[in-house]
Amino acid sequence: MKLKYRRILLKLSGEALAGDEKTGIDPATVATVCSELEQVLAMGVEMALVIGGGNIFRGLSASARGMDRSSADYMGMLATVLNALAVQGMLEKAGYPTRVLSAISMKEICEPFIRRRALRHLEKGRVVICAGGTGNPYFTTDTTAALRGMELKCDVIIKATKVDGIYDSDPVKNPAAKKFTHLTYEETLARRLGVMDATAFALVRDNHIPIIVCRMFGGDICRAVCGEDVGTIVDEKIWPPN
């Protein structure tokens, strides 16, 4: 199968690891998520991962409830490390070498994020899981995904979600919601579709990295890396009307 994208940055939400429990880490759900990743890796794709921490702790919502924002964000960064270790364990159990690289130093359990080291891991066929956010408060894991995607010279950023693309409104609440197949960066901003936060979106737009939003399950990620018409792609090209 011919690949359109050989090196990808895959952004997963922390909630994807929680399963029906909604919070925490459910091992059975982690195994299901990793089975999807294994299908992609078996195609020879070089993969970097950024996983959110919302299943354990959300810094922004905690800040809104009165906690100091910086402290709350650091707690959220630590939550991403827990998720990264869970995914690492499951992938390595399946035989895929994996490295967790954290922006926050914790040498006993993972490597520090060093760009050249991360690139070398990818070249050697290892999955690189980027944990600890950017290492700075006030930045989301969306921004981490955009930043790491550029640093690691990824061909595309794939955001795997519960829905099969970007809609003009919430498809869960509105059955008549319209799905977009292709969008330009400018259209996405003008429509305020909230694909990523403003900082992350500015990074990918200014550096011309395409974003694909697709389902986490069902093989959509495999089809996306092959260039099939799946999910929604956001880039700078002008496409025919949806």
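Reader: What makes strand β3 (residues 98–102) count as mostly covered?

Author: Happy to start there, with the reminder that this is a predicted model. Buried means under 20% relative accessible area, and 4 of the 5 residues in β3 are buried. That is what earns the strand its description as mostly covered.

Reader: How do you know that β3 pairs with strand β5 (residues 127–131)?

Author: Two strands pair if there are at least two bridges between them. Here 5 bridges join β3 to β5, and the strands run parallel. One place to look is Thr98, which stands opposite Val127 in β5.

Reader: And what makes β3 and strand β4 (residues 111–112) a pair?

Author: The requirement is at least two bridges, and β3 and β4 have 2, in the parallel sense. You can find Ser102 opposite Pro112 in β4.

Reader: Why are β4 and β9 (182–184) said to stand at the edges?

Author: The sheet is open, with 9 strands in the order β4-β3-β5-β2-β1-β6-β10-β11-β9 and mixed pairing. β4 and β9 each have a single partner strand, so one side of each has no neighbour in the sheet.

Reader: How do you know that strand β2 (residues 46–51) pairs with β5?

Author: The same kind of count settles that one: at least two bridges are needed, and β2 and β5 share 3, in the parallel sense. Val50 has Cys130 in β5 as its bridge partner. Helix α5 (residues 141–151) packs on the sheet, where it touches β1 (7–12), β2, β5 and β6 (156–161). The direction of α5 makes about 175 degrees with that of β1.

Reader: Why is Ser105 called exposed?

Author: Exposed means over 50% relative accessible area. Ser105 has 63% relative accessibility, so Ser105 counts as exposed. You will find Ser105 in the loop between β3 and β4.

Reader: Which residues touch the most other members of the largest nonpolar core?

Author: They are Ile8, Leu10, Leu49, Val87 and Ile158, in a core of 41 residues. Helix α1 (27–41) gives the largest share, 6 residues. Another core, of 29 residues, lies apart from this one and includes Leu152, Ile157, Val195 and Val213.

Reader: What does Ile158 contact, leaving aside its neighbours within four places in sequence?

Author: Contact means heavy atoms within 4.5 Å. By that test, Ile158 is in contact with Ile8, Leu9, Leu10, Lys11, Ile212, Cys214, Ile221, Ala224 and Val225.

Conventions
Residues numbered from 1 in each chain as written. Predicted model: local features only at pLDDT ≥ 70, side-chain atom pairs only at ≥ 80, totals over all residues. Heavy atoms only, no water. Buried < 20%, exposed > 50% of the residue type's maximum accessible area, 1.4 Å probe, protein only. Axes fitted to C-alpha atoms, helices over the stretch in contact; angles between N-to-C directions. Core = buried A, V, L, I, M, F, W, Y, C linked by side-chain atoms within 4.5 Å.
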